[in-house]
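User: I have a model open and would like a close look at a single part of it, the strand at the heart of my question. Could you walk me through that part and then show how it fits with what surrounds it?

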Amino acid sequence: DPATLARLDEAVRKNVDFAVIVLRDEDKARARQTFQTPLIFSVQEAKGLEYPGVILYDLIGSHRQAYQDIAADLTEEALDGEELRFGRAGNKSDKSADGYKFYLNALYVALTRGIEQVVMVERDPHHPLLFLLGVTDAGTQVNVKTRVSSAQEWADEARRLQAQGKTEQAEAIGRDVLKFRPVPWEILADDAYDQLRNKVMDDPDATDKERRTFIEYNVWHQQLFPIQVLAEDYEYPAAVRLMENPAQVSTAYAQLRQKVLDSYLKRNYKSVLWDTDLYGIDHRNRLNATPLMLAACAGNVPLVDELLKRGADPELTDQFGHAAGLYALTQAMMYKESQADAPAPRRPDRGPPDPVEAGSGGVRRAVQNVLRHEVHQLSLERRSVAGRERQRRHPQTSPRDRPAGASAERRQDQQHPRPG
């Protein structure tokens with residue numbers, strides 16, 4: 001019923017706790033015609049995910065005959081017992097039933113993604129398999145509570161999905177829910193940088209602006225060889241001046257750094273946060289650096305903490321594999337080399353100290369905070385992996401199956417080891 005589906009869509013389209021699952025990737029397009037949520041997954045994509053509620057969209061009806069064949073030899077009596085009796089085919093060379101494994105496993109995976117509620121939307125509510133499973137037709141009733149999740153909840157979900165490789169859904173959240181805009185500048189990364197390099201090196205009609213941009217990019221990333229090639233093979237004056245005097249490279253970097261980090265060196269960093277609200281917490285500047293990389297580079301500890309709290313990813317890297325922690329470490333080493341003898345005075349009208357001008361303390365704390373966050377996340381991941389591995393090897397020791405008092409007894413043994 002279209003009206004019933006519309007009410008169901010209204011209940012879940014803005015709810016981060018409900019996902020829609022279809023059988024195959026090619027089924028997602030049809031599901032999007034009915035449901036506006038960005039959380040639409042194929043069964044394969046849904047593996048490893050759990051939601052308080054899931055909608056299984058035409059999972060059985062989209063492959064009606066396969067599921068009808070599965071249900072053909074089953075009876076209610078066979079499913080009523082506590083144990084299911086099954087066995088291999090008498091003829092081991094008979095592989096005719098192997099094709100049904102996918103459909104059975106897919107149905108199991110889909111049904112177990114919902115923790116509290118599973119809603120099945122089927123074109124044929126009287127399918128034999130639904131009858132065997134005891135699934136009844138709800139008609140026009142929609143027993144799903146409408147909920148509008150906050151922007152922070154959606155941002156957290158996007159980061160969770162991104163971390164698990166569900167890029168399609170994470171990008172859909174940013175685009176359709178959080179309304180992130182694409183950045184209005186060109187990001188010099190991968191293909192864009194290669195095109196600029198080829199233009200500067202091979203095209204005699206390359207503009208001064210393109211050559212300056214090429215030099216700035218390589219000065220920022222401390223990649224001097226491309227500038228040397230531009231100086232020696234093409235005799236571009238700006239590149240020649242930099243290569244003739246190493247001090248010019250340091251000066252050029254300091255000037256560029258001041259320009260790039262202008263908003264990140266201030267005590268009032270609202271403009272940085274406004275950009276993250278507009279373009280996303282991990283958007284890139286034209287030099288392919290994220291806000292967290294730039295905040296760590298500036299030694300702005302409060303801004304580093306705020307970005308981490310908002311979910312900035314400290315493991316993202318630029319084109320050369322540099323993450324936020326390495327940005328801060330590089331700045332700390334540059335300060336130590338250039339200011340070992342006479343640290344510059346602190347300027348009271350500025351916010352967090354510039355590590356080049358006023359010491360490496362800010363950078364050191366930025367490094368500590370970034371790395372502490374990474375270690376904490378790694379610890380959580382390792383605990384999760386270790387827990388799953390323990391459960392796989394010793395399923396009988398799961399909390400549900402453990403005998404009462406076992407945990408208390410183990411703690412007592414740890415505090416007072418038994419002899420022998």
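Analyst: Happy to help; here is a walk through strand β1, followed by some other parts of the chain.

Please keep in mind that this is a predicted model. The chain has 21 helices and four strands, and of its 420 residues 39% are buried. Among contacts with a separation of 6 or more, 71% join residues 24 or more positions apart.

Let's begin with the strand itself. β1 covers residues 18–22. Is β1 enclosed or open to the outside? Five of its five residues are buried, so the strand is largely enclosed by the rest of the structure. In a regular strand, side chains alternate between the two faces of the sheet. You can follow this pattern here: Phe18, Val20 and Val22 point one way, while Ala19 and Ile21 point the other way. Both groups are buried.

Now for the partners of β1. The four strands make an open sheet in which the order is β2-β1-β3-β4, with parallel pairing. The edges are taken by β2 (40–42) and β4 (114–121), each of which pairs on one side only. From one strand to the next, the twist averages 30 degrees.

On one side, β1 pairs with β2 in the parallel sense over three bridges. Two residue pairs are handy for finding this on your screen: Val20 has Ile40 of β2 as its bridge partner, and Val22 stands opposite Ser42. β1 also runs parallel to β3, and four bridges join these two strands. There, Ala19 stands opposite Val54.

What lies across the sheet? Helix α1 (residues 2–12) lies across β1, β3 (51–57) and β4, and it runs at about 155 degrees to β4.

The edge strand β2 leads us to another helix. Helix α9 spans residues 167–177, and its buried residues include Gln169, Ala170, Ala172, Ile173 and Gly174. Among the elements that cover the buried residues of α9 are β2, α2 (28–32), α3 (43–46) and α8 (151–163). Just after α9 comes Lys179, with a positive phi of about 60 degrees. For background, most residues other than glycine have a negative phi.

Another buried spot worth a visit is Leu107, found in helix α6 (residues 101–111). Leu107 has a relative accessible area of 8%, under the 20% cut-off, and therefore counts as buried. Leaving aside neighbours within four places in sequence, Leu107 is in contact with Leu59, Tyr67, Leu129 and Leu133. Take Leu59 as an example: 48 residues separate it from Leu107 in sequence, yet their C-alpha atoms are 7.6 Å apart in space.

Further along the chain you will find helices packing on one another. The axes of α10 (residues 191–202) and α11 (residues 208–220) come within 10 Å and cross at roughly 125 degrees, which makes α10 oblique to α11. This crossing is left-handed. On the α10 side the contact is made by Tyr193, Leu196, Arg197, Lys199, Val200 and Met201, and on the α11 side by Glu210, Arg211, Thr213, Phe214, Tyr217 and Asn218. By class, the residues of this contact are six nonpolar, two polar and four charged.

α11 packs against α12 as well, with axes 8 Å apart and an angle of about 145 degrees. Here α11 contributes Phe214, Ile215, Asn218 and Val219, and α12 contributes Pro226, Ile227 and Leu230. The contact of α11 with α12 has six nonpolar residues, one polar and no charged ones. Phe214 and Asn218 take part in the contact with α10 and in the contact with α12.

Two loop residues round off this region. Gln222 lies in the loop between α11 and α12 (224–232), and its phi is positive, near 60 degrees. At 40% relative accessibility, Gln222 counts as partly exposed. Glu235, in the loop between α12 and α13 (237–244), also has a positive phi, of about 50 degrees, although it is not a glycine. With a relative accessibility of 61%, Glu235 counts as exposed.

To come back to your strand: β1 has β2 and β3 as neighbours in the sheet order, α1 lies across it, and its five residues are buried.

How values were computed: Residues numbered from 1 in each chain as written. Predicted model: local features only at pLDDT ≥ 70, side-chain atom pairs only at ≥ 80, totals over all residues. Heavy atoms only, no water. Axes fitted to C-alpha atoms, helices over the stretch in contact; angles between N-to-C directions. Parallel < 35°, antiparallel > 145°, perpendicular 65-115°, else oblique. Left-handed = near helix turned anticlockwise from the far one by under 90°. Contact = heavy atoms within 4.5 Å. Nonpolar A, V, L, I, M, F, W, Y, C, P; charged D, E, K, R; others polar. Pairing = 2+ DSSP bridges. Buried < 20%, exposed > 50% of the residue type's maximum accessible area, 1.4 Å probe, protein only.
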